[in-house]
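This report describes how two chains meet in a model and how strands are arranged in it. Please consult the sequence and coordinates shown here alongside the text.

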Protein chains: 2
Amino acid sequence: MTTDTKLSTLGEFGLIDRIAAHVAGGEGVITGIGDDAAVTVLTPGMQLLTSTDMLLEDVHFRTTWHDPLALGRKSLGVSISDVAAMGAIPRWALLSLAIPAGFPLEFLDRFTEGFLAMAGEHGVTLIGGDTCSSKNGLVISVTIMAEQFPHLILRRSGARAGDEIWVSGTLGDAALVLSLLEDGAVCDEPSLLSRLLDPSPRTRVGHALAESGLVSAMIDVSDGLLADFGHIAQQSGVGGVLYLERLPISADFRRRASRFPSFPHHLILSGGEDYELAFTAAAENHEKIESIVKNSGIQATAVGIVTSFSGVEVVMEDGSRYIPRKPGFTHSI
Amino acid sequence: MTTDTKLSTLGEFGLIDRIAAHVAGGEGVITGIGDDAAVTVLTPGMQLLTSTDMLLEDVHFRTTWHDPLALGRKSLGVSISDVAAMGAIPRWALLSLAIPAGFPLEFLDRFTEGFLAMAGEHGVTLIGGDTCSSKNGLVISVTIMAEQFPHLILRRSGARAGDEIWVSGTLGDAALVLSLLEDGAVCDEPSLLSRLLDPSPRTRVGHALAESGLVSAMIDVSDGLLADFGHIAQQSGVGGVLYLERLPISADFRRRASRFPSFPHHLILSGGEDYELAFTAAAENHEKIESIVKNSGIQATAVGIVTSFSGVEVVMEDGSRYIPRKPGFTHSI
């Protein structure tokens with residue numbers, strides 16, 4: 001195939017066939033791509049978990065930055081992150097693409113390759129979707145389906161005063177890279193770049209934490225820790241104190257931070273797209289949590305304490321306290 | 001609320017809260033809108049059916065034609081049609097919206113009202129979704145989930161030579177209205193307009209046909225009967241003959257057809273968006289099928305015969321035969 005092969009020469013059904021050719025059967029799949037609806041069967045006793053995300057060109061990604069392979073990976077990865085945050089086992093995905101006229105087929109092939117690679121790494125089977133034409137940029141919509149036994153599902157609503165607040169991995173890397181790319185700066189550290197362009201959903205640790213029975217609430221950090229822990233606090237009817245000096249940052253982040261006029265705390269607290277897990281657990285289980293996380297091959301850090309009074313505040317390095325007015329993050333370039 | 005209320009003053013979370021406020025619990029819903037993923041439970045013994053559709057402004061709809069209420073209804077209706085065509089019981093939906101800056105909130109409120117009205121009419125609960133900003137027009141993505149016992153699920157692949165080919169309702173109305181609107185012609189017959197702008201998914205008759213055990217294959221007619229029966233033929237390893245004079249057309253269609261230089265057969269055969277059901281059943285059960293369909297409050301017509309040789313051909317009114325080269329339809333305005 002040459003790079004100038006266009007979707008228009010293939011048509012909608014041709015593209016679907018082209019994608020379907022790379023998809024094998026999967027766990028619980030009765031009927032995959034090719035009928036009016038996909039048919040799947042859940043593991044007996046498990047409940048269904050579903051989440052969906054939409055990604056738009058020039059809003060969530062730019063084709064000039066995003067290698068199509070990484071974009072395919074990320075398109076599924078961000079949805080897997082949602083069900084990982086419930087402690088669930090991802091199973092099936094639907095992929096919809098709205099494609100501009102003349103869009104290179106090779107991009108779509110690489111995108112599909114990345115999407116299916118991410119799927120394979122997390123035990124997910126692509127079972128259906130939709131394709132149509134777009135007049136303005138590529139639009140990607142992904143639905144993920146997962147399953148879990150009812151008593152193992154972790155929600156945002158179970159945090160209790162006195163619990164420790166944990167976060168996996170490091171924070172702020174993706175927001176830092178976005179900031180660098182938006183400024184036109186060079187960012188050639190692959191490990192840092194991949195935090196924005198090809199994040200790793202925390203399926204394994206999420207599942208292990210669910211099975212431990214030790215976690216009271218969990219969420220994925222997609223809008224920044226302040227906003228996302230804020231959701232836990234609100235839905236649990238509690239508050240929280242986060243200690244700035246404990247927030248985990250990468251060596252890459254620390255080195256790159258020097259180019260900012262002041263240390264970019266806002267990227268750690270309110271930058272988006274970390275796709276780490278934030279969760280709460282009784283302080284007495286600190287060592288057990290550490291051990292579970294370590295066995296899953298990543299790190300996690302206790303960064304604060306759940307409080308009985310509402311609101312989230314940040315204790316700064318000098319002991320002063322910062323109470324944010326509006327912790328949200330909007331996924332817009 | 002006034003018409004100049006803008007989404008930007010409300011924010012992403014505000015919009016989600018606004019939609020969620022109108023959603024009550026539903027059958028099988030454990031956790032709806034508001035966590036990382038929705039949690040639902042299937043009826044024991046049933047399998048899960050899922051389908052997704054994306055609708056783009058100026059590709060699938062125009063806000064100048066589409067009343068937001070009807071657009072909300074249709075956005076869910078086209079997905080419900082997919083699971084109705086499998087004989088399944090629709091249960092849950094996810095709704096993603098990418099919204100241009102300055103988009104009127106009143107439009108979104110009316111859209112949501114229509115979406116939830118369609119949901120209520122078909123026993124569907126909105127359990128989650130995604131909202132984000134769009135730089136170019138409204139983008140809507142809907143995922144529908146349904147359930148059914150394995151032995152009652154109807155696929156495209158079961159048609160047998162000798163079966164009759166049936167179609168529900170009438171064909172070509174939506175394509176006729178689209179043709180009129182595109183030409184700038186006046187179309188003020190509500191019953192005709194609604195065939196394009198507010199189609200009715202055939203949930204009830206689809207379910208009744210599945211329960212009868214008499215139907216060998218079924219599909220929804222979204223790309224025109226020729227293309228969609230073509231899918232049944234291909235996936236069943238058979239062919240078919242369709243009799244043009246038997247194809248059901250509405251009185252509105254017949255009257256409006258007079259403005260065309262020749263009778264617009266192409267709209268009946270290959271126009272899109274009928275959202276009727278096409279299905280096959282043994283000829284000996286003709287009367288039983290008629291009775292089941294009648295009890296569901298609509299009509300269905302036997303329009304052809306499944307053949308053992310591959311390919312689909314149309315017998316014209318003068319007895320000549322038309323063998324289409326490419327029966328497809330692309331959902332583009």
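## Contact between the chains

Chain B and chain A each bring 56 residues to their contact, where contact means heavy atoms within 4.5 Å. The area buried between the two chains is about 4500 Å², and carbon and sulfur atoms give 53% of that area; buried area is the accessible area (1.4 Å probe) that two parts lose on being put together, summed over both. B:Asp36, B:Leu48 and B:Met54 supply 16% of what chain B buries against chain A, more than any other three residues.

This is a predicted model, in which local features need pLDDT of at least 70 and side-chain atom pairs count only at pLDDT 80 or more, while totals for chains, interfaces and linings use all residues. Residues are numbered from 1 along each chain as its sequence is written, chains are lettered from A and ligands numbered from 1 in the order in which they are written, and side-chain values use heavy atoms, with hydrogens and water left out.

## Symmetry

Chain B is superposed on chain A by a rotation of 180 degrees with 0.0 Å of shift along its axis, at an RMSD of 0.0 Å; the fit is by least squares on the C-alpha atoms of residues with pLDDT of at least 70 in both copies. The two copies are thus related as by a two-fold rotation axis. The same surface serves both copies, since 100% of the contact residues of chain B recur in chain A. Among the residues of chain B, B:Asn136 comes closest to the rotation axis, with its C-alpha at 3.1 Å.

## Polar and charged pairs

Between chain B and chain A there are four salt bridges, each a side-chain nitrogen of Lys or Arg within 4 Å of a carboxyl oxygen of Asp or Glu. Over all chains the count comes to 38. A:Arg156 forms a salt bridge with B:Asp36, with the closest N and O atoms 2.6 Å apart. A:Arg156 also meets B:Asp35 in a salt bridge (3.5 Å, N to O). This second pair links the loop between β1 (29-31) and β2 (38-40) of chain B, which holds B:Asp35, to the loop between β6 (139-148) and β7 (164-168) of chain A, which holds A:Arg156.

## Strands across the interface

Strand β3 (residues 47-56) of chain B gives nine residues, the largest share of the side of chain B that touches chain A; strands are DSSP runs (E, at least two residues), numbered from the N terminus. Strand β2 (residues 38-40) of chain A pairs with β3(B) in the antiparallel sense over three bridges, pairing being assigned if DSSP finds at least two bridges. Within this pairing, A:Ala38 has B:Thr50 as its bridge partner.

## A sheet in chain B

In chain B, seven strands form an open sheet of mixed pairing, in the order β8-β10-β7-β11-β9-β12-β13. β8 (215-221) and β13 (321-322) stand at its edges with a single partner strand each, so one side of each is left without a neighbour in the sheet. Strand β12 (residues 311-315) of chain B runs antiparallel to β13(B), joined by two bridges; B:Val315 stands opposite B:Arg321 in β13(B).

Note on methods. Helix = DSSP H or I, 4+ residues; strand = E, 2+ residues; numbered from the N terminus.
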